[in-house]
Amino acid sequence: MAGKTKKYYDKNPKAKAKKKKYDKKYQATEEQKKNRAARNAARNEMKKKGRVRKGDGKDVDHKNGNPKDNRKSNLRVMDRSKNRAKDRPRKKKRSKKKS
């Protein structure tokens, strides 16, 4: 079953193009490249240990939410759906200073 978001973007091609452009720019930032490399390293480590394999529907979860923290005690294997539905720590919003 397709989610509400997918249905929305399928019906609104302009919004879909705008999101794609934003995502491409966001994923190209140095911070996101480092986070992605750290997540891939964690998954590769779990592959070596035999805890996950390609196409198994599992994700490697970072308990503290920091993808760069690849200590053994911080990693666990979860179902993909449970991991992606998990609440994430959010950054505090900075208030805009009015001048």
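Which residues make up the largest nonpolar core here? Let me start there, and keep in mind throughout that this is a predicted model. The core consists of Ala42, Met46, Val52, Val60 and Leu75, 5 residues in all.

Let's take Met46 out of that set and look around it. If you skip residues up to four places away in sequence, Met46 touches Arg51, Val52, Val60, Leu75, Arg76 and Val77. Ala42 and Met46 are both among the buried residues of helix α3, so that helix is my next stop.

Helix α3 runs over residues 30-49. With 20 residues at 1.5 Å a residue, it should span 28 Å, and its end C-alpha atoms turn out to be 29 Å apart, which agrees. Which of its residues are buried? The list is Gln32, Asn35, Ala38, Ala42, Arg43 and Met46. Look down the axis and you'll find those buried residues within an arc of 135°, so they line one face of the helix. Now turn the helix around: the face pointing away from the buried side carries Glu30, Lys34 and Lys48, which are exposed.

And what covers the buried residues of α3? The cover includes α2, residues 13-27, along with β1 and β2. Just past the end of α3 there's a little backbone detail to check on your screens: Gly50 takes a positive phi, about 80°.

Carry on from there into the loop between α3 and β1, and you come to Arg53. Arg53 is exposed, because its relative accessible area is 61% and the cut-off for exposed is over 50%. For a sense of distance, try Arg53 against Arg94: they sit 41 residues apart along the chain, and their C-alpha atoms are separated by 40 Å.

Okay, charges. Side chains of opposite charge can pair when their charged atoms come close. How many salt bridges does a search of the whole structure find? It comes to 11, and I'll walk you through a few.

One of them joins the two strands. Asp79 and Lys58 meet through their side chains at 2.7 Å, N to O. Asp79 lies in strand β2, residues 75-79, and Lys58 in strand β1, residues 58-62, so this pair ties together parts that are 21 residues apart in sequence. Both ends are partly exposed, with Asp79 at 31% relative accessible area and Lys58 at 28%.

Between those strands, in the loop from β1 to β2, we have Asp69. Its side chain makes a salt bridge with Arg71, 2.8 Å from N to O. Buried or exposed, then, for Asp69? Buried: Asp69 has a relative accessible area of 13%, and the line for buried is drawn at under 20%. Its partner Arg71, at 48%, is partly exposed. Leaving out neighbours within four places in sequence, Asp69 is in contact with His62, Asn64, Asn74 and Leu75. And you'll remember Leu75 from the nonpolar core.

Now over to helix α1, residues 4-11, for a bridge inside a single helix. Lys6 and Asp10 are 4 residues apart there, about one turn, and their side chains meet at 2.9 Å, N to O. Lys6 is partly exposed at 48%, and Asp10 is partly exposed too, at 45%. There's a third member as well: salt bridges with shared partners join Lys6, Asp10 and Lys16 into one network.

Last topic, the aromatics. The search of the whole structure gives 2 aromatic pairs. Tyr8 and Tyr9 are edge-to-face, with 5.1 Å centre to centre and 75° between the planes. Tyr8 is partly exposed at 43%, and Tyr9 is partly exposed at 21%.

The other pair is Tyr22 with Tyr26. Why do we call that one stacked? The ring centres are 5.9 Å apart and the planes are at 15°, so the pair is stacked; the planes need to be under 30 degrees apart for that. These two are 4 residues apart in helix α2, so about one helical turn separates them. Tyr22 is exposed, at 52%, while Tyr26 is partly exposed, at 36%.

To bring it back to the start: the core holds Ala42 and Met46 together with Val52, Val60 and Leu75, and the buried residues of α3 line one face of that helix. That's my tour, thanks.

Notes:
Residues numbered from 1 in each chain as written. Predicted model: local features only at pLDDT ≥ 70, side-chain atom pairs only at ≥ 80, totals over all residues. Heavy atoms only, no water. Salt bridge = Lys/Arg side-chain N within 4 Å of Asp/Glu carboxyl O. Buried < 20%, exposed > 50% of the residue type's maximum accessible area, 1.4 Å probe, protein only. Expected span 1.5 Å × (residues − 1). Arc of directions from axis to C-beta. Contact = heavy atoms within 4.5 Å. Core = buried A, V, L, I, M, F, W, Y, C linked by side-chain atoms within 4.5 Å. Phe/Tyr/Trp six-rings, centres within 6.5 Å; stacked < 30°, edge-to-face > 60°.
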